[in-house]
Amino acid sequence: MPVHSADDELLHRALELARQGIGLASPNPYVGAVIADARGNIVGTGTYTYAGVKHAEILALEAAGAKARGGTLYINLEPHAHQGRTPPCTDALIAAGIHRVVASMPDPNPKVSGRGFDKLRAAGVHVEVGRLEEQARRLNEAFARYIRHGVPLVTLKSAMTLDGKIAPPPSEAMKLGDFAPAEGGFSGSWITGETARAHVHELRHQHDAILVGIGTILADNPLLTDRSGRPRRRPLLRVILDSRLRLPVESRLVQSATTERNNDVLVFCSAAEENKRSPLEKIGVTVEQLPATGPDGHPDLPAILRRLEQLEITSVMIEGGATVNGTALAANVVDKVFLYYAPKILGTGSIPFATGAAFQHLGERAQVKHLHLHRFGEDFAVEGYLRDPYA
Ligand SMILES: NC(=O)c1ccc[n+]([C@@H]2O[C@H](COP(=O)([O-])OP(=O)(O)OC[C@H]3O[C@@H](n4cnc5c(N)ncnc54)[C@H](OP(=O)(O)O)[C@@H]3O)[C@@H](O)[C@H]2O)c1
(Lines give C-alpha, C1' and ligand atoms only; values in the text may rest on other atoms or scores of the structure.)
Protein backbone atom coordinates (compact mmCIF):
# COMPACT_ATOMS: atom_id res chain seq x y z
CA MET A 1 0.00 0.00 0.00
CA PRO A 2 1.44 3.43 -0.93
CA VAL A 3 2.45 5.69 1.95
CA HIS A 4 0.30 8.83 2.10
CA SER A 5 1.31 10.67 5.24
CA ALA A 6 -1.63 13.06 4.85
CA ASP A 7 -3.99 10.05 4.77
CA ASP A 8 -2.38 8.58 7.89
CA GLU A 9 -2.64 11.90 9.71
CA LEU A 10 -6.34 12.25 8.93
CA LEU A 11 -7.00 8.62 9.84
CA HIS A 12 -5.14 9.18 13.13
CA ARG A 13 -7.53 12.04 13.79
CA ALA A 14 -10.48 9.70 13.07
CA LEU A 15 -9.06 7.19 15.56
CA GLU A 16 -8.68 9.91 18.20
CA LEU A 17 -12.30 10.89 17.64
CA ALA A 18 -13.33 7.23 17.94
CA ARG A 19 -11.52 7.03 21.32
CA GLN A 20 -13.65 9.91 22.58
CA GLY A 21 -16.52 7.40 22.48
CA ILE A 22 -14.95 5.20 25.18
CA GLY A 23 -17.54 4.83 27.94
CA LEU A 24 -20.23 6.24 25.64
CA ALA A 25 -20.57 3.86 22.65
CA SER A 26 -21.01 0.39 24.19
CA PRO A 27 -22.58 -2.01 23.29
CA ASN A 28 -21.78 -0.64 19.84
CA PRO A 29 -18.26 -0.06 18.46
CA TYR A 30 -16.11 3.05 18.77
CA VAL A 31 -16.18 5.00 15.53
CA GLY A 32 -14.67 8.34 14.57
CA ALA A 33 -14.94 10.02 11.18
CA VAL A 34 -13.20 12.87 9.39
CA ILE A 35 -14.26 14.33 6.05
CA ALA A 36 -11.63 16.23 4.08
CA ASP A 37 -12.29 18.23 0.92
CA ALA A 38 -10.40 17.69 -2.32
CA ARG A 39 -7.51 19.88 -1.03
CA GLY A 40 -7.20 17.82 2.18
CA ASN A 41 -8.81 20.39 4.51
CA ILE A 42 -10.98 18.96 7.28
CA VAL A 43 -14.58 20.04 6.66
CA GLY A 44 -16.43 17.77 9.10
CA THR A 45 -15.81 15.39 12.02
CA GLY A 46 -17.90 13.03 14.13
CA THR A 47 -17.72 10.63 17.08
CA TYR A 48 -20.28 7.89 17.64
CA THR A 49 -22.03 7.70 21.02
CA TYR A 50 -24.88 5.29 21.74
CA ALA A 51 -27.09 8.01 23.24
CA GLY A 52 -26.41 10.34 20.31
CA VAL A 53 -27.76 7.61 17.95
CA LYS A 54 -26.30 9.16 14.75
CA HIS A 55 -23.22 7.43 13.34
CA ALA A 56 -19.87 9.22 13.20
CA GLU A 57 -19.89 9.54 9.40
CA ILE A 58 -23.37 11.07 9.42
CA LEU A 59 -22.28 13.66 12.02
CA ALA A 60 -19.24 14.42 9.87
CA LEU A 61 -21.43 14.74 6.74
CA GLU A 62 -23.80 17.08 8.57
CA ALA A 63 -20.89 19.26 9.68
CA ALA A 64 -19.40 19.32 6.18
CA GLY A 65 -22.65 20.12 4.32
CA ALA A 66 -22.03 20.83 0.61
CA LYS A 67 -18.25 20.77 1.18
CA ALA A 68 -18.42 16.97 1.44
CA ARG A 69 -18.96 16.68 -2.35
CA GLY A 70 -15.84 15.27 -3.99
CA GLY A 71 -14.22 14.79 -0.58
CA THR A 72 -12.68 11.84 1.29
CA LEU A 73 -14.05 10.09 4.35
CA TYR A 74 -11.46 8.84 6.88
CA ILE A 75 -12.95 6.31 9.29
CA ASN A 76 -11.66 3.54 11.58
CA LEU A 77 -14.49 1.09 10.79
CA GLU A 78 -16.45 0.11 7.68
CA PRO A 79 -19.62 2.22 7.15
CA HIS A 80 -22.93 0.33 7.54
CA ALA A 81 -24.88 -0.71 4.47
CA HIS A 82 -27.85 -2.04 6.43
CA GLN A 83 -30.81 -0.60 8.31
CA GLY A 84 -30.15 -0.64 12.07
CA ARG A 85 -31.17 2.00 14.61
CA THR A 86 -30.36 4.40 11.75
CA PRO A 87 -30.59 4.15 7.92
CA PRO A 88 -27.55 2.84 5.97
CA CYS A 89 -24.61 5.27 6.17
CA THR A 90 -23.37 4.13 2.76
CA ASP A 91 -26.49 5.66 1.11
CA ALA A 92 -25.86 9.00 2.82
CA LEU A 93 -22.18 8.98 1.79
CA ILE A 94 -23.04 8.21 -1.84
CA ALA A 95 -25.82 10.85 -1.90
CA ALA A 96 -23.42 13.47 -0.46
CA GLY A 97 -20.96 12.82 -3.30
CA ILE A 98 -18.10 11.37 -1.23
CA HIS A 99 -15.43 10.45 -3.77
CA ARG A 100 -13.11 8.27 -1.68
CA VAL A 101 -13.27 6.30 1.59
CA VAL A 102 -10.13 5.45 3.60
CA ALA A 103 -11.04 2.94 6.31
CA SER A 104 -8.87 0.99 8.77
CA MET A 105 -10.85 -2.25 8.92
CA PRO A 106 -14.03 -4.09 7.96
CA ASP A 107 -16.92 -4.38 10.42
CA PRO A 108 -16.07 -7.36 12.71
CA ASN A 109 -19.74 -8.41 12.65
CA PRO A 110 -19.66 -11.42 10.27
CA LYS A 111 -23.30 -10.77 9.27
CA VAL A 112 -22.49 -7.40 7.70
CA SER A 113 -18.72 -7.43 7.17
CA GLY A 114 -17.70 -6.24 3.68
CA ARG A 115 -21.21 -5.20 2.63
CA GLY A 116 -20.56 -1.51 3.25
CA PHE A 117 -17.40 -1.48 1.16
CA ASP A 118 -19.11 -3.46 -1.64
CA LYS A 119 -21.97 -0.98 -1.80
CA LEU A 120 -19.63 2.02 -1.90
CA ARG A 121 -17.48 0.45 -4.64
CA ALA A 122 -20.59 -0.44 -6.67
CA ALA A 123 -21.53 3.26 -6.58
CA GLY A 124 -18.10 4.25 -7.92
CA VAL A 125 -16.54 5.38 -4.63
CA HIS A 126 -12.80 4.60 -4.31
CA VAL A 127 -12.33 2.49 -1.18
CA GLU A 128 -9.02 1.78 0.59
CA VAL A 129 -8.98 -0.57 3.58
CA GLY A 130 -6.23 -1.55 6.03
CA ARG A 131 -4.42 1.65 7.00
CA LEU A 132 -3.66 1.84 10.79
CA GLU A 133 -5.45 -1.50 11.07
CA GLU A 134 -3.70 -2.75 14.21
CA GLN A 135 -4.65 0.32 16.25
CA ALA A 136 -8.20 0.13 14.95
CA ARG A 137 -8.51 -3.58 15.78
CA ARG A 138 -7.25 -3.06 19.34
CA LEU A 139 -9.72 -0.23 19.89
CA ASN A 140 -12.73 -2.38 18.99
CA GLU A 141 -11.51 -5.76 20.32
CA ALA A 142 -14.28 -6.00 22.94
CA PHE A 143 -16.96 -5.30 20.35
CA ALA A 144 -15.37 -7.92 18.08
CA ARG A 145 -15.42 -10.64 20.75
CA TYR A 146 -18.99 -9.73 21.78
CA ILE A 147 -20.46 -9.58 18.26
CA ARG A 148 -18.59 -12.63 16.92
CA HIS A 149 -18.96 -15.00 19.89
CA GLY A 150 -21.86 -13.68 21.99
CA VAL A 151 -19.69 -13.22 25.11
CA PRO A 152 -17.93 -10.21 26.60
CA LEU A 153 -14.16 -9.79 26.16
CA VAL A 154 -12.61 -10.89 29.48
CA THR A 155 -9.48 -9.15 30.76
CA LEU A 156 -7.78 -10.47 33.87
CA LYS A 157 -6.19 -7.59 35.77
CA SER A 158 -4.03 -8.09 38.83
CA ALA A 159 -1.44 -6.12 40.79
CA MET A 160 1.38 -8.17 42.27
CA THR A 161 4.89 -8.23 43.62
CA LEU A 162 7.83 -9.47 41.58
CA ASP A 163 7.37 -12.88 43.19
CA GLY A 164 3.74 -13.03 42.02
CA LYS A 165 1.99 -12.27 45.32
CA ILE A 166 -1.23 -10.24 45.28
CA ALA A 167 -1.56 -9.67 49.06
CA PRO A 168 0.23 -10.33 52.35
CA PRO A 169 -0.85 -13.36 54.42
CA PRO A 170 -4.48 -13.24 55.61
CA SER A 171 -4.85 -11.47 58.96
CA GLU A 172 -6.35 -13.17 62.02
CA ALA A 173 -9.51 -11.05 61.72
CA MET A 174 -9.96 -12.18 58.11
CA LYS A 175 -9.49 -15.82 59.07
CA LEU A 176 -12.29 -15.40 61.61
CA GLY A 177 -14.62 -14.34 58.78
CA ASP A 178 -14.71 -10.64 59.64
CA PHE A 179 -14.49 -8.13 56.77
CA ALA A 180 -12.11 -5.23 56.28
CA PRO A 181 -13.32 -1.96 57.80
CA ALA A 182 -11.92 0.36 55.08
CA GLU A 183 -10.58 0.37 51.53
CA GLY A 184 -7.01 -0.86 51.46
CA GLY A 185 -8.22 -3.84 53.44
CA PHE A 186 -6.65 -5.66 56.36
CA SER A 187 -3.22 -5.23 54.82
CA GLY A 188 -3.78 -1.46 55.07
CA SER A 189 -1.68 -0.57 52.03
CA TRP A 190 -1.38 -1.09 48.29
CA ILE A 191 0.92 -3.28 46.21
CA THR A 192 1.43 -0.74 43.39
CA GLY A 193 1.99 3.03 43.49
CA GLU A 194 -0.34 5.90 42.75
CA THR A 195 0.39 6.12 39.00
CA ALA A 196 -0.42 2.46 38.38
CA ARG A 197 -3.56 2.70 40.54
CA ALA A 198 -4.73 5.76 38.58
CA HIS A 199 -4.25 3.73 35.40
CA VAL A 200 -6.53 1.01 36.79
CA HIS A 201 -9.32 3.58 36.73
CA GLU A 202 -8.59 4.22 33.04
CA LEU A 203 -8.94 0.47 32.48
CA ARG A 204 -12.17 0.36 34.47
CA HIS A 205 -13.44 3.20 32.34
CA GLN A 206 -12.84 1.11 29.22
CA HIS A 207 -14.94 -1.77 30.58
CA ASP A 208 -18.66 -2.36 30.91
CA ALA A 209 -18.28 -4.57 34.00
CA ILE A 210 -15.81 -5.48 36.73
CA LEU A 211 -15.91 -8.89 38.43
CA VAL A 212 -14.49 -10.08 41.78
CA GLY A 213 -15.07 -12.90 44.23
CA ILE A 214 -16.57 -12.44 47.68
CA GLY A 215 -13.11 -13.11 49.17
CA THR A 216 -11.89 -9.77 47.79
CA ILE A 217 -14.85 -7.87 49.27
CA LEU A 218 -14.28 -9.48 52.67
CA ALA A 219 -10.53 -8.80 52.59
CA ASP A 220 -10.39 -5.33 51.04
CA ASN A 221 -13.85 -3.78 51.35
CA PRO A 222 -13.41 -2.08 47.94
CA LEU A 223 -15.83 0.26 46.15
CA LEU A 224 -14.94 -1.05 42.65
CA THR A 225 -16.14 2.10 40.89
CA ASP A 226 -14.76 3.88 37.82
CA ARG A 227 -13.06 6.96 39.29
CA SER A 228 -11.38 8.07 36.05
CA GLY A 229 -13.53 11.19 36.10
CA ARG A 230 -14.58 10.60 32.48
CA PRO A 231 -18.23 10.41 31.36
CA ARG A 232 -19.92 7.07 30.79
CA ARG A 233 -23.40 6.24 29.52
CA ARG A 234 -23.97 3.31 31.88
CA PRO A 235 -22.37 2.91 35.30
CA LEU A 236 -19.63 0.28 35.53
CA LEU A 237 -21.51 -2.92 36.47
CA ARG A 238 -19.92 -4.34 39.64
CA VAL A 239 -20.31 -8.13 39.58
CA ILE A 240 -19.66 -10.24 42.69
CA LEU A 241 -19.36 -14.04 42.75
CA ASP A 242 -20.81 -15.04 46.11
CA SER A 243 -22.42 -18.48 46.08
CA ARG A 244 -23.60 -18.35 49.73
CA LEU A 245 -24.51 -14.63 49.84
CA ARG A 246 -21.90 -13.66 52.43
CA LEU A 247 -21.80 -10.09 51.08
CA PRO A 248 -22.05 -7.80 54.15
CA VAL A 249 -24.82 -5.19 53.99
CA GLU A 250 -22.44 -2.77 55.71
CA SER A 251 -19.70 -3.17 53.04
CA ARG A 252 -18.79 -0.03 51.08
CA LEU A 253 -19.87 -1.80 47.90
CA VAL A 254 -23.41 -2.47 49.13
CA GLN A 255 -23.71 0.91 50.82
CA SER A 256 -22.86 2.61 47.50
CA ALA A 257 -25.46 0.57 45.58
CA THR A 258 -28.26 3.09 45.86
CA THR A 259 -30.83 3.49 43.11
CA GLU A 260 -28.95 6.59 41.95
CA ARG A 261 -26.30 4.21 40.63
CA ASN A 262 -28.98 2.41 38.69
CA ASN A 263 -28.63 -1.27 39.64
CA ASP A 264 -24.88 -1.34 39.22
CA VAL A 265 -24.18 -4.13 41.74
CA LEU A 266 -25.01 -7.65 40.56
CA VAL A 267 -24.36 -10.64 42.79
CA PHE A 268 -24.35 -14.19 41.43
CA CYS A 269 -25.13 -16.81 44.04
CA SER A 270 -26.15 -20.46 44.05
CA ALA A 271 -28.22 -20.39 47.27
CA ALA A 272 -30.18 -17.25 48.05
CA GLU A 273 -31.84 -17.53 51.45
CA GLU A 274 -34.52 -14.89 51.79
CA ASN A 275 -33.08 -13.45 55.03
CA LYS A 276 -29.77 -12.75 53.24
CA ARG A 277 -31.21 -11.72 49.92
CA SER A 278 -33.87 -9.18 50.89
CA PRO A 279 -31.66 -6.74 52.92
CA LEU A 280 -29.32 -6.53 49.91
CA GLU A 281 -32.14 -6.06 47.43
CA LYS A 282 -33.75 -3.37 49.61
CA ILE A 283 -30.62 -1.26 49.24
CA GLY A 284 -30.47 -1.70 45.47
CA VAL A 285 -28.28 -4.78 44.93
CA THR A 286 -29.46 -7.20 42.24
CA VAL A 287 -29.16 -10.84 43.30
CA GLU A 288 -29.31 -13.59 40.67
CA GLN A 289 -29.30 -17.28 41.49
CA LEU A 290 -27.57 -19.64 39.07
CA PRO A 291 -27.22 -23.43 39.29
CA ALA A 292 -24.02 -24.49 41.08
CA THR A 293 -22.68 -26.31 38.04
CA GLY A 294 -19.12 -24.93 38.21
CA PRO A 295 -16.15 -26.37 40.13
CA ASP A 296 -16.52 -26.49 43.95
CA GLY A 297 -20.29 -25.94 43.75
CA HIS A 298 -19.93 -22.41 42.39
CA PRO A 299 -21.92 -20.80 39.61
CA ASP A 300 -20.22 -21.64 36.33
CA LEU A 301 -18.15 -18.77 34.81
CA PRO A 302 -19.14 -19.39 31.16
CA ALA A 303 -22.82 -19.26 32.25
CA ILE A 304 -22.15 -15.99 34.08
CA LEU A 305 -20.55 -14.50 30.95
CA ARG A 306 -23.50 -15.56 28.82
CA ARG A 307 -25.82 -13.85 31.32
CA LEU A 308 -23.69 -10.68 31.14
CA GLU A 309 -23.91 -10.75 27.34
CA GLN A 310 -27.72 -10.73 27.69
CA LEU A 311 -27.29 -7.50 29.68
CA GLU A 312 -25.32 -6.04 26.71
CA ILE A 313 -22.03 -6.19 28.60
CA THR A 314 -19.28 -6.27 25.93
CA SER A 315 -16.25 -6.26 28.25
CA VAL A 316 -15.51 -7.59 31.74
CA MET A 317 -12.43 -6.91 33.83
CA ILE A 318 -11.73 -9.58 36.43
CA GLU A 319 -9.99 -7.99 39.42
CA GLY A 320 -9.44 -11.09 41.52
CA GLY A 321 -8.69 -12.39 44.00
CA ALA A 322 -6.57 -15.52 43.88
CA THR A 323 -9.45 -18.03 43.73
CA VAL A 324 -11.38 -16.27 40.99
CA ASN A 325 -8.17 -15.67 38.98
CA GLY A 326 -7.40 -19.41 39.13
CA THR A 327 -10.95 -20.46 38.29
CA ALA A 328 -11.17 -18.04 35.35
CA LEU A 329 -7.86 -19.22 33.85
CA ALA A 330 -8.76 -22.86 34.36
CA ALA A 331 -12.19 -22.32 32.77
CA ASN A 332 -10.42 -20.79 29.73
CA VAL A 333 -12.62 -17.68 29.79
CA VAL A 334 -9.74 -15.17 29.92
CA ASP A 335 -8.99 -13.40 26.61
CA LYS A 336 -6.27 -11.05 27.79
CA VAL A 337 -4.29 -10.07 30.87
CA PHE A 338 -3.17 -6.75 32.26
CA LEU A 339 -0.72 -7.58 35.04
CA TYR A 340 0.88 -4.81 37.11
CA TYR A 341 4.17 -5.55 38.90
CA ALA A 342 5.63 -3.58 41.81
CA PRO A 343 9.38 -3.94 42.56
CA LYS A 344 8.63 -5.66 45.88
CA ILE A 345 8.89 -9.20 47.24
CA LEU A 346 6.42 -10.56 49.78
CA GLY A 347 7.64 -14.12 50.16
CA THR A 348 6.18 -17.21 51.76
CA GLY A 349 2.69 -17.21 53.27
CA SER A 350 1.49 -14.37 51.05
CA ILE A 351 -1.38 -14.81 48.61
CA PRO A 352 -0.38 -15.94 45.10
CA PHE A 353 -1.77 -14.51 41.87
CA ALA A 354 -3.92 -17.59 41.22
CA THR A 355 -4.88 -20.65 43.26
CA GLY A 356 -6.90 -23.81 42.70
CA ALA A 357 -6.21 -27.39 41.78
CA ALA A 358 -7.36 -26.95 38.16
CA PHE A 359 -4.81 -24.20 37.66
CA GLN A 360 -2.00 -26.72 38.01
CA HIS A 361 -3.15 -28.44 34.82
CA LEU A 362 -3.09 -25.36 32.65
CA GLY A 363 -0.01 -26.29 30.67
CA GLU A 364 0.21 -24.41 27.40
CA ARG A 365 -3.23 -22.89 27.64
CA ALA A 366 -1.87 -20.00 29.71
CA GLN A 367 0.52 -18.87 26.98
CA VAL A 368 0.34 -15.07 26.72
CA LYS A 369 1.06 -13.58 23.28
CA HIS A 370 1.46 -10.17 21.60
CA LEU A 371 2.91 -8.52 24.69
CA HIS A 372 2.82 -4.79 25.32
CA LEU A 373 4.91 -3.41 28.19
CA HIS A 374 3.89 -0.33 30.17
CA ARG A 375 5.76 1.69 32.77
CA PHE A 376 4.06 3.46 35.71
CA GLY A 377 6.68 5.18 37.85
CA GLU A 378 8.54 2.40 39.67
CA ASP A 379 5.92 -0.16 38.63
CA PHE A 380 5.39 -1.79 35.25
CA ALA A 381 2.65 -3.78 33.57
CA VAL A 382 2.45 -6.56 31.02
CA GLU A 383 -0.54 -6.57 28.69
CA GLY A 384 -1.02 -9.61 26.48
CA TYR A 385 -3.48 -11.95 24.84
CA LEU A 386 -4.46 -15.54 25.58
CA ARG A 387 -6.83 -15.52 22.60
CA ASP A 388 -7.36 -13.38 19.50
CA PRO A 389 -10.66 -11.51 20.07
CA TYR A 390 -11.20 -11.49 16.28
CA ALA A 391 -10.68 -15.25 15.82
N1 LIG B 1 -3.45 -7.35 44.23
C2 LIG B 1 -4.58 -7.52 43.57
O3 LIG B 1 -4.68 -7.15 42.38
C4 LIG B 1 -5.77 -8.13 44.25
C5 LIG B 1 -7.04 -8.02 43.65
C6 LIG B 1 -8.11 -8.64 44.28
C7 LIG B 1 -7.90 -9.33 45.48
N8 LIG B 1 -6.68 -9.39 46.01
C9 LIG B 1 -6.44 -10.14 47.24
O10 LIG B 1 -6.94 -11.45 47.06
C11 LIG B 1 -7.32 -11.97 48.34
C12 LIG B 1 -8.68 -12.60 48.20
O13 LIG B 1 -8.56 -13.75 47.42
P14 LIG B 1 -9.65 -14.88 47.53
O15 LIG B 1 -9.21 -16.00 46.70
O16 LIG B 1 -9.95 -15.10 48.98
O17 LIG B 1 -10.95 -14.15 46.97
P18 LIG B 1 -11.74 -14.11 45.61
O19 LIG B 1 -11.10 -14.87 44.54
O20 LIG B 1 -12.07 -12.67 45.37
O21 LIG B 1 -13.10 -14.81 46.05
C22 LIG B 1 -13.16 -16.20 46.13
C23 LIG B 1 -14.51 -16.64 46.56
O24 LIG B 1 -15.48 -16.30 45.58
C25 LIG B 1 -16.57 -17.20 45.69
N26 LIG B 1 -16.99 -17.69 44.36
C27 LIG B 1 -18.27 -17.78 43.92
N28 LIG B 1 -18.33 -18.25 42.71
C29 LIG B 1 -17.08 -18.51 42.32
C30 LIG B 1 -16.52 -19.04 41.14
N31 LIG B 1 -17.26 -19.38 40.07
N32 LIG B 1 -15.19 -19.20 41.08
C33 LIG B 1 -14.42 -18.84 42.13
N34 LIG B 1 -14.89 -18.30 43.28
C35 LIG B 1 -16.21 -18.16 43.38
C36 LIG B 1 -16.11 -18.33 46.59
O37 LIG B 1 -16.68 -18.12 47.87
P38 LIG B 1 -18.06 -18.89 48.21
O39 LIG B 1 -17.73 -20.34 48.15
O40 LIG B 1 -18.49 -18.38 49.51
O41 LIG B 1 -18.98 -18.49 47.08
C42 LIG B 1 -14.61 -18.12 46.69
O43 LIG B 1 -14.06 -18.57 47.90
C44 LIG B 1 -7.30 -10.81 49.30
O45 LIG B 1 -6.18 -10.89 50.13
C46 LIG B 1 -7.20 -9.61 48.41
O47 LIG B 1 -6.51 -8.54 49.04
C48 LIG B 1 -5.59 -8.81 45.43
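In this predicted model, helix 5 (133–139) provides the largest share of the lining of the second largest pocket, namely four residues. Other elements take part as well: helix 6 (141–149), strand 6 (153–161), helix 8 (194–205), strand 13 and strand 16 each supply at least two residues of this lining. The whole lining of the second largest pocket consists of 32 residues, and those nearest the pocket's centre are Arg 138, Leu 139, Glu 141, Gln 206 and Lys 336. Sorted by class, the lining of the second largest pocket contains 11 nonpolar, 13 polar and eight charged residues. The volume of the second largest pocket is about 640 Å³.

Strand 13, one of the elements in that lining, also takes part in pairing between aromatic rings. Three aromatic pairs are counted in the structure. One of them joins Tyr 340 and Phe 376, whose ring centres are 5.6 Å apart and whose planes meet at 40°, so the pair counts as tilted, a class for angles that are neither under 30 degrees nor over 60. Tyr 340 belongs to strand 13 (residues 336–342) and Phe 376 to strand 15 (residues 369–376), so this pair ties together parts that are 36 residues apart in sequence. Are these two residues buried or exposed? Tyr 340 counts as buried because its relative accessibility is 1%, and Phe 376 counts as buried at 11%, the cut-off for buried being under 20%.

A second pair is formed by Tyr 341 and Phe 380, with 5.3 Å between the centres and 15° between the planes, and this pair is stacked. Tyr 341 is in strand 13 and Phe 380 is in strand 16 (residues 379–385), so here the pair ties together parts that are 39 residues apart in sequence. Tyr 341 has a relative accessibility of 18% and therefore counts as buried. Phe 380 is partly exposed, because its relative accessible area is 30%. Returning to Tyr 340 and Phe 376, these two residues form one aromatic cluster together with Phe 338.

Aromatic rings also lie beneath charged groups in this model. Over the ring of Tyr 50 sits the charged end of Arg 85, 3.8 Å from the ring's centre. Likewise, the charged end of Arg 137 sits over the ring of Tyr 390, at 4.0 Å from its centre.

The next topic is enclosed space. Rolling a probe the size of a water molecule over the atoms shows where empty space is left. How many cavities of 30 Å³ or more does a search of the whole structure find? The search finds one. The largest cavity holds about 40 Å³ of space. Its lining is made up of Glu 78, Pro 79, His 80, Ala 81, His 82, Asp 107, Val 112, Arg 115 and Gly 116. These lining residues divide into three nonpolar, three polar and three charged.

The last stop is a single residue in a loop. Ser 256 is located between helix 10 (252–255) and strand 10 (265–269), in the loop that joins them. With a relative accessible area of 14%, Ser 256 is buried. The side chain of Ser 256 is joined to the side chain of Arg 238 by a polar contact of 2.9 Å.

Conventions
Residues numbered from 1 in each chain as written. Predicted model: local features only at pLDDT ≥ 70, side-chain atom pairs only at ≥ 80, totals over all residues. Heavy atoms only, no water. Phe/Tyr/Trp six-rings, centres within 6.5 Å; stacked < 30°, edge-to-face > 60°. Buried < 20%, exposed > 50% of the residue type's maximum accessible area, 1.4 Å probe, protein only. Lys NZ or Arg CZ within 6 Å of the ring centre and 35° of its normal. 1 Å grid on protein atoms, 1.4 Å probe; cavity = no way out; pocket = protein on both sides within 12 Å on 5 of 7 lines; lining within 4 Å. Points joined across faces, edges and corners; volume = space filled by probe spheres on them. Nonpolar A, V, L, I, M, F, W, Y, C, P; charged D, E, K, R; others polar. Polar contact = N/O pair within 3.5 Å; in protein donor to acceptor, adjacent residues only side chain to side chain.
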